[in-house]
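Got a minute to look over a model with me? I'd like to go through the labels people put on it and what backs them up.

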Amino acid sequence: MNRAKVTAEPGQPTMVIERTFDAPRDKVFAAMTQKDKLERWWIGPGYTTRVEHLDVRDGGSWRFVQTSPNGAEFIFHGSFHMVSPEMTVQTFEFDGLAERGHVSLQKIELIEVGNGMTKLVSTGTCLSVDDRDGMISGGMEEGMQQTYAMLDEVLKLM
């Protein structure tokens with residue numbers, strides 16, 4: 001499996017995710033910004049995702065609800081600060097924590113690397129090292145690997 005590389009330096013609130021997709025940038029961008037496609041790949045095993053709100057533009061926002069096989073719902077949301085096929089800057093927050101306000105800022109770059117391939121470089125900065133480490137220890141990386149594998153499948157069908 002084509003796995004994403006996750007770099008999280010000790011003592012830093014930042015993490016960098018890098019992965020290459022076998023599809024041109026415009027196709028990857030479409031899969032990341034269209035409701036019907038997001039609902040097919042932004043999921044974990046056995047989960048479903050409902051895109052409740054998606055306003056992909058500078059100043060827009062998003063809200064996704066994941067439902068587990070036992071019916072538990074997990075809400076994710078954020079705001080778009082800048083949107084383009086080359087680079088998107090957005091916030092990300094998971095509502096399942098005991099206290100609110102654990103927001104991260106993400107810069108997602110889609111870089112054409114030739115032969116119809118696109119490299120994703122996502123740089124995320126949390127408000128604290130504890131927030132970042134909590135995301136990583138909470139299974140974020142494995143879930144992300146699975147969602148990117150699902151994105152590969154969606155890209156093949158586009």
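Here are a few short questions, with the values set against their definitions.

This is a predicted model, in which local features need pLDDT of at least 70, side-chain atom pairs count only at pLDDT 80 or more, and totals for chains, interfaces and linings use all residues. Residues are numbered from 1 along each chain as its sequence is written, and side-chain values use heavy atoms, with hydrogens and water left out.

Q: Why is Thr 33 called buried?
A: Buried means under 20% relative accessible area (1.4 Å probe, protein chains only). Thr 33 has 18% relative accessibility, so it counts as buried.

Q: What does the side chain of Thr 33 have as a polar partner?
A: One of its polar atoms lies 2.7 Å from the backbone oxygen of Phe 29. A polar contact is a pair of N or O atoms within 3.5 Å, one able to donate a hydrogen and the other to accept it; residues adjacent in sequence count only if both atoms are side-chain atoms.

Q: Which residues does Thr 33 touch, leaving out those up to four places away in sequence?
A: Leu 38, Leu 54 and Val 56, where contact means heavy atoms within 4.5 Å.

Q: What makes the chain as compact as a globular protein of its length?
A: It has four helices and eight strands. Its radius of gyration is 15 Å, close to the 15 Å that the globule rule gives for 158 residues, so the chain is as compact as a globular protein of that length. The radius is taken over C-alpha atoms, and the rule is 2.2 Å times the number of residues to the power 0.38.

Q: How much of the chain counts as buried?
A: 39% of the 158 residues.

Notes:
Buried means under 20% relative accessible area, exposed over 50%, partly exposed in between (1.4 Å probe, protein chains only). Helices (H or I, at least four residues) and strands (E, at least two) are DSSP runs, numbered from the N terminus.
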